[in-house]
Amino acid sequence: MSAQNVDHAPDSPRASQSPVPSGVQGDLELELLGLANALYNLGTTVINDSTKERDKSGGVAVKQVGLRVNDVVGHLATIDDMSQHVSVMIPMQVLADIDNARNPMQLTKDRIERAATENQFMNGKIAAVDSYRTYLNEALCQSFPGLEEHLQPIKEEPQ
């Protein structure tokens, strides 16, 4: 499978966002794309063969499933060989999520959205405390004019 003729899924970030990395990681990524394609081909072959068997009443359907399985096993063997040369650590949570049939891209999006929501919530709390402090200082200054110089808001340096 060449880097120029790789078909991408519509939701794949690789087609428009970044080129395939060079070196071992690029080769590994292309091999993984080949594995995904081989798995897809295996699935469609199994479905087509089972449909042919139902259509044929007594004849034996010629199966290509074995060839497709060999193709998948070949890709897996190549990936296993290539993995010896890659030293990238993958968090266990990512692997667990994939095993549980969750999309890592969706998980990343969900976590970013959750962090943004929590950030907005915290900013609201900070604004509420600042507002309360301002009102409290004004009330204290009215009741105790001698404390006014000590209760003036401290000018914070912009960050």
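Which residues make the nonpolar surface patch of about 490 Å²? Before the selection is made, please note that the structure on screen is a predicted model. Now select Val-88, Ile-90, Met-92, Leu-95 and Ile-98, for these residues make the patch. Within that selection, click on Leu-95, which belongs to helix α4, spanning residues 92-99. Leu-95 has a relative accessible area of 35% and is therefore partly exposed, since that category covers values between 20% and 50%.

**The whole chain**

Clear the selection and display the entire protein as a cartoon. The secondary structure consists of six helices and zero strands. Followed along the sequence, the helices give the pattern α-α-α-α-α-α. The protein has 159 residues, of which 14% count as buried. If a surface is drawn over the protein, its accessible area comes to about 13000 Å², and carbon and sulfur atoms account for 57% of that area. Contacts can also be sorted by separation along the chain: among those with a separation of 6 or more, 56% are between residues 24 or more positions apart.

**The nonpolar core**

Next, hide the surface and select Leu-28, Leu-35, Ala-38, Leu-42, Val-72, Ile-79 and Met-82. These seven residues form the largest nonpolar core. Helices α2 (23-55) and α3 (65-83) each supply at least two residues of this core. Which helix provides the largest share of the core? That helix is α2, with four residues. In soluble globular proteins, nonpolar side chains tend to be buried together.

Keep Met-82 selected and show its surroundings. When neighbours within four places in sequence are left aside, Met-82 is in contact with Val-24, Asp-27, Leu-28 and Glu-31. Of these partners, Leu-28 is also listed among the residues of the core.

**Where Val-65 meets Thr-45**

Move now to Val-65, which is placed in helix α3. With a relative accessibility of 23%, Val-65 counts as partly exposed. Its contacts, apart from neighbours within four places in sequence, are with Leu-42, Thr-45, Val-46 and Asp-49. A distance may also be drawn from Val-65 to Asn-41: these residues are 24 apart along the chain, and their C-alpha atoms are separated by 9.3 Å.

Select Thr-45, one of the contacts of Val-65. Is Thr-45 buried or exposed? Thr-45 is buried, because its relative accessible area is 8% and the limit for burial is under 20%. The residue is found in helix α2. Beyond its neighbours within four places in sequence, Thr-45 is in contact with Gln-64, Val-65 and Arg-68. Add Asn-41 to the view as well: its backbone oxygen lies 2.7 Å from a polar atom of the side chain of Thr-45.

**A loop residue**

Go next to Ala-101, in the loop between α4 and α5 (104-143). Ala-101 has a positive phi of about 60°, although it is not a glycine. The residue counts as exposed, with 72% relative accessibility.

**Salt bridges**

How many salt bridges does a search of the whole structure find? The search finds five. Begin with Asp-97, Arg-102 and Arg-111, which are linked in a network of salt bridges.

Then show the side chains of helix α5 and visit three pairs in turn.

- Glu-113 and Lys-109 meet through their side chains in a salt bridge, at 3.7 Å from N to O. The two residues are four apart in helix α5, so about one helical turn separates them. Glu-113 is partly exposed at 41% relative accessibility, and Lys-109 is partly exposed at 44%.
- Glu-118 forms a salt bridge with Arg-114, whose closest N and O atoms are 3.0 Å apart. These residues are also four apart in helix α5, and therefore about one helical turn lies between them. Glu-118 counts as partly exposed at 45% relative accessibility, whereas Arg-114 is exposed, with a relative accessible area of 58%.
- Asp-130 and Arg-133 join their side chains in a salt bridge at 3.7 Å, N to O. Here the residues are three apart in helix α5, a separation of about one helical turn. Asp-130 is partly exposed at 35% relative accessibility, and Arg-133 is partly exposed at 41%.

Terms used: Residues numbered from 1 in each chain as written. Predicted model: local features only at pLDDT ≥ 70, side-chain atom pairs only at ≥ 80, totals over all residues. Heavy atoms only, no water. Patch = residues over 30% accessible without salt bridge, like charges linked within 9 Å, V, L, I, M, F, W, Y side chains within 5 Å. Areas by Shrake-Rupley, 256 points an atom, 1.4 Å probe, with all protein chains shown as cover. Salt bridge = Lys/Arg side-chain N within 4 Å of Asp/Glu carboxyl O. Buried < 20%, exposed > 50% of the residue type's maximum accessible area, 1.4 Å probe, protein only. Core = buried A, V, L, I, M, F, W, Y, C linked by side-chain atoms within 4.5 Å. Contact = heavy atoms within 4.5 Å. Polar contact = N/O pair within 3.5 Å; in protein donor to acceptor, adjacent residues only side chain to side chain.
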